[in-house]
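User: Hi! Could you walk me through this structure in simple words?

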Amino acid sequence: MKKTNKGIRKMSVNFDNLDNIQIDVLREIGNIGSGNAATALAKMLNKRVNMDVPQVKVLQFQEVSDILGGAEIPVVGLLLRVTGDISGSIMFILEKKAAGVLVNILMGKPLDEIVVFDEIAISALKEVGNILAGSYLSALSTLTNLNILPSVPELAIDMAGAIISVPAIEFGKLGDSVLFIETEFSEGSTKVVGNFFLVPDIDSYEVLLKALGVAN
Amino acid sequence: MGNIIRIGMADLKASHHPAILTTLGLGSCVGIALYDRTTKIVGLAHAMLPDSSQVKNKTNAAKFVDTAIELLVKEMLSLGASKKRIVAKLAGGAQMFTFTQGAELMRIGQRNVAAAKSKLESLDIPVVSEDTGGNYGRTVELDSESGMLLIRTIGYGTKQI
């Protein structure tokens, strides 16, 4: 184990040996954050939005690109940088089909109408990203007493594997698996499954876990 | 048509002829395809990070460009390939998101490709073609019959290199 002078310090956190307490904490963050996000989404849509209990999942790289049904499935990814007391990024990924449903709900159109991902649709989705990430982070911020600020979102539509590679690479610096929070939102009989990836930069793990009271 | 062998993220495989090696959805990761024209032995790696020396946890050699290339070459040689005949093709290394502030994670694709080229050069393995960069994902298929690398995208067409 060597220490480098490039700011990569000795770490006590590794997803491959996260203990149950830490996973519980992350699950709790997921719960609170997503609950907030569902409420915010309901306000935006002016509809009742339900949310299943979010599931915190830890997967190996080889399996991770299959989470949305296959590495080649088209998905929408929304990525925000996080700054403040911790730094990192937050990503929200959903199937392109589900994103289309979301756009139709937002635009008050029939749910099965085919969506063209034009500027208006993209800015609507970015707004969803803003709201979800913003409410998610504000829950985390309240819980940890840390100052956490999101940037404006960037959006990309491409193969699931390619989009997921972005957070996966960040996790790769730390271990051999990826941690994410799967959340299912439903509005009426329409279900939208989304996946959150909260990826603290290496130096922020200790800050985060200390603030949550679980640093070893 | 040989067996289709799938390579995941942070994974690599080498095979005798006939085989088709494929890896799906390369984003900022880089796909390194190696081929020995005479024995038709092929190898494909899907590497995530440029440099193993900057990371503490390096149990999975296939995760890093430098160690992935070393291991892949070694596996091909043990199948009977000759190092003098191995040539390389590269794909991937895209920048999936564009941020105005040049955060480190945004340039990772470019760095992965550069690392692959410098590692291959140090091993005297020529890069005969590449389809790298851009802002889109790629699925690749390496055919042991021809050494052709087929690249599929969403919205950016299909090509062979």
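Analyst: Happy to; we can go through confidence, the interface, the cores and a few backbone details.

Analyst: First, this is a predicted model, where local features need pLDDT of at least 70, side-chain atom pairs count only at pLDDT 80 or more, and totals for chains, interfaces and linings use all residues. Residues are numbered from 1 along each chain as its sequence is written, chains are lettered from A and ligands numbered from 1 in the order written, and side-chain values use heavy atoms, leaving out hydrogens and water.

User: What are the scores, and what is the mean pLDDT of chain B?

Analyst: The model has ipTM 0.88 and pTM 0.84. For chain B the mean pLDDT (the predictor's confidence in each residue, from 0 to 100) is 91, and 91% of its residues reach 70 or more.

User: How many residues does each chain put into the contact?

Analyst: Chain B gives 38 residues and chain A gives 40 residues, with contact meaning heavy atoms within 4.5 Å. About 3100 Å² is buried between the two chains, and carbon and sulfur atoms give 65% of that. Buried area is the accessible area (1.4 Å probe) that two parts lose on being put together, summed over both.

User: Which residues form the salt bridge?

Analyst: E72(A) pairs with R152(B), and their closest N and O atoms are 3.0 Å apart. The rule finds one salt bridge across this interface; it asks for a side-chain nitrogen of Lys or Arg within 4 Å of a carboxyl oxygen of Asp or Glu.

User: New topic: which residues have the most contacts inside the largest nonpolar core?

Analyst: They are I90(A), F197(A) and M48(B), in a core of 91 residues. A nonpolar core is a set of buried Ala, Val, Leu, Ile, Met, Phe, Trp, Tyr and Cys residues joined through side-chain atoms within 4.5 Å. Apart from it lies another core of 24 residues, including A47(B) and L72(B).

User: And is A10(B) buried or exposed?

Analyst: A10(B) is buried, at 1% relative accessible area. Buried means under 20%, exposed over 50%, and partly exposed in between (1.4 Å probe, protein chains only). A10(B) also has a positive phi near 60 degrees without being a glycine.

User: What about N145(A)?

Analyst: N145(A) counts as exposed, at 73% relative accessibility, and its phi is positive too, about 65 degrees. Most residues other than glycine have a negative phi, and most peptide bonds are trans.

User: Which peptide bond is cis?

Analyst: The bond from H17(B) to P18(B) is cis, with omega near 0 degrees.
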